[in-house]
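Here's a walk through one protein model, going from a single residue out to the sheet around it and then on to a few side chains and backbone angles. Have the structure open while you read.

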Amino acid sequence: MHSFGILIASLFIYFNSELMYLDSLLTLVFSFLILISTRKLLSQVYDILMEASPPSINVEIIAKAFQKVPEVIAVKDIHVWSLSTRINLLIAKVVAKDNDMALTKCKEILKSFNILYSIIEVTKA
């Protein structure tokens, strides 16, 4: 699209040298259009770099799902962030009666939230 605009501007300038400003004007217009079209992507990149929680994942719901596991007594700490637009990470601290069973069930819960990479510290009550 940008190349097509430059081609049209160059034709106008070729036939009328007084229209030299068209080149700069079209460059500004296309730069503005590119900035608008990449706004969403720039916002996602900013959130990833700032290690913000992904908007599609509610940390409170994950914590409640962990607490529903019979072996889990408490969820002490939980953090979720994005490594990319498709890869989410989780770190959590869980107090449980049975460490191995609680860890296995919590990992299964995370699959339903599309969190494939996690570190869950399980301490025995």
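## Starting from Leu 89

Leu 89 has a relative accessible area of 15%, so it counts as buried, the cut-off being under 20%. Bear in mind that this is a predicted model. Leu 89 belongs to strand S2, which covers residues 88–96. That strand is mostly covered, with seven of its nine residues buried.

What does Leu 89 touch, once its neighbours within four places in sequence are left aside? The list is His 79, Val 80, Trp 81, Leu 83, Ile 115 and Tyr 117. Gln 67 makes a handy distance check: it is 22 residues from Leu 89 in sequence, and the two C-alpha atoms are 19 Å apart in space.

## The sheet

Zooming out, S2 is part of an open sheet of three strands, ordered S1-S2-S3, with mixed pairing. Strand S1 (72–82) and strand S3 (117–124) are at the edges; each has a single partner strand, so one side of each has no neighbour in the sheet. On average, neighbouring strands here are turned by 10 degrees against each other, if you ignore direction.

Where does the mix come from? S1 and S2 run antiparallel to each other and pair over nine bridges, while S2 and S3 pair in the parallel sense over eight bridges. As a general point, side chains in a regular strand alternate between the two faces of the sheet.

If you'd like to check the register by eye, a few opposite residues will help. Asp 77 has Lys 93 in S2 as its bridge partner. On the S3 side, Val 95 sits opposite Thr 123, and Ala 96 sits opposite Lys 124.

Then there's helix H5 (residues 99–112), which packs on the sheet and touches S1, S2 and S3. The direction of H5 makes about 150 degrees with that of S3.

How are the strands connected along the chain? S1 and S2 make a hairpin, with five residues between them. From S2 the chain crosses through H5 to S3, a β-α-β crossover that is right-handed.

## One salt bridge

How many salt bridges does a search of the whole structure turn up? It finds one. The partners are Lys 105 and Glu 71, whose closest N and O atoms are 3.4 Å apart. This pair ties together distant parts of the chain: Lys 105 is in helix H5, Glu 71 is in the loop between helix H4 (59–67) and S1, and 34 residues separate them.

Is Glu 71 buried or exposed? It is buried, because its relative accessible area of 15% falls under the 20% cut-off. Lys 105, at 26%, is partly exposed. Leaving aside neighbours within four places in sequence, Glu 71 contacts Val 95, Ala 96, Lys 97, Asp 98, Met 101, Ala 102 and Lys 105. So the salt-bridge partner appears in that contact list too, since Lys 105 is one of the residues named.

## An aromatic pair

The structure has one aromatic pair. Tyr 14 and Phe 15 meet edge-to-face, at 5.1 Å centre to centre and with 80 degrees between the planes. The two residues, Tyr 14 and Phe 15, are both exposed.

## Positive phi angles

A couple of backbone angles deserve a look too. Glu 51 isn't a glycine, but has a positive phi of about 55 degrees. Asn 114, also a residue other than glycine, has a positive phi near 60 degrees. Glu 51 is in the loop between helix H3 (39–49) and H4, and Asn 114 is in the loop between H5 and S3.

## Accessibility side by side

Here are the relative accessible areas for the residues discussed above.

| Residue | Relative accessible area | Class |
|---|---|---|
| Leu 89 | 15% | buried |
| Glu 71 | 15% | buried |
| Lys 105 | 26% | partly exposed |
| Asn 114 | 47% | partly exposed |
| Glu 51 | 55% | exposed |

Why is Asn 114 partly exposed while Glu 51 is exposed? Glu 51 has 55%, which is over the 50% cut-off for exposed, whereas Asn 114 has 47%, so it falls in between 20% and 50%.

Technical notes. Residues are numbered from 1 along each chain as its sequence is written. This is a predicted model: local features need pLDDT of at least 70, side-chain atom pairs count only at pLDDT 80 or more; totals for chains, interfaces and linings use all residues. Side-chain values use heavy atoms; hydrogens and water are left out. Rings of Phe, Tyr and Trp (its six-membered ring) pair if their centres lie within 6.5 Å; planes under 30 degrees apart count as stacked, over 60 as edge-to-face and the rest as tilted. Buried means under 20% relative accessible area, exposed over 50%, partly exposed in between (1.4 Å probe, protein chains only). Helices (H or I, at least four residues) and strands (E, at least two) are DSSP runs, numbered from the N terminus. Contact means heavy atoms within 4.5 Å. Two strands pair if DSSP finds at least two bridges between them. Axes are lines fitted to C-alpha atoms, for helices over the stretch in contact, and angles run from 0 to 180 degrees between N-to-C directions. A salt bridge is a side-chain nitrogen of Lys or Arg within 4 Å of a carboxyl oxygen of Asp or Glu. A crossover is right-handed if, with the strands pointing away from the viewer, the path from the first strand over the helix to the second runs clockwise.
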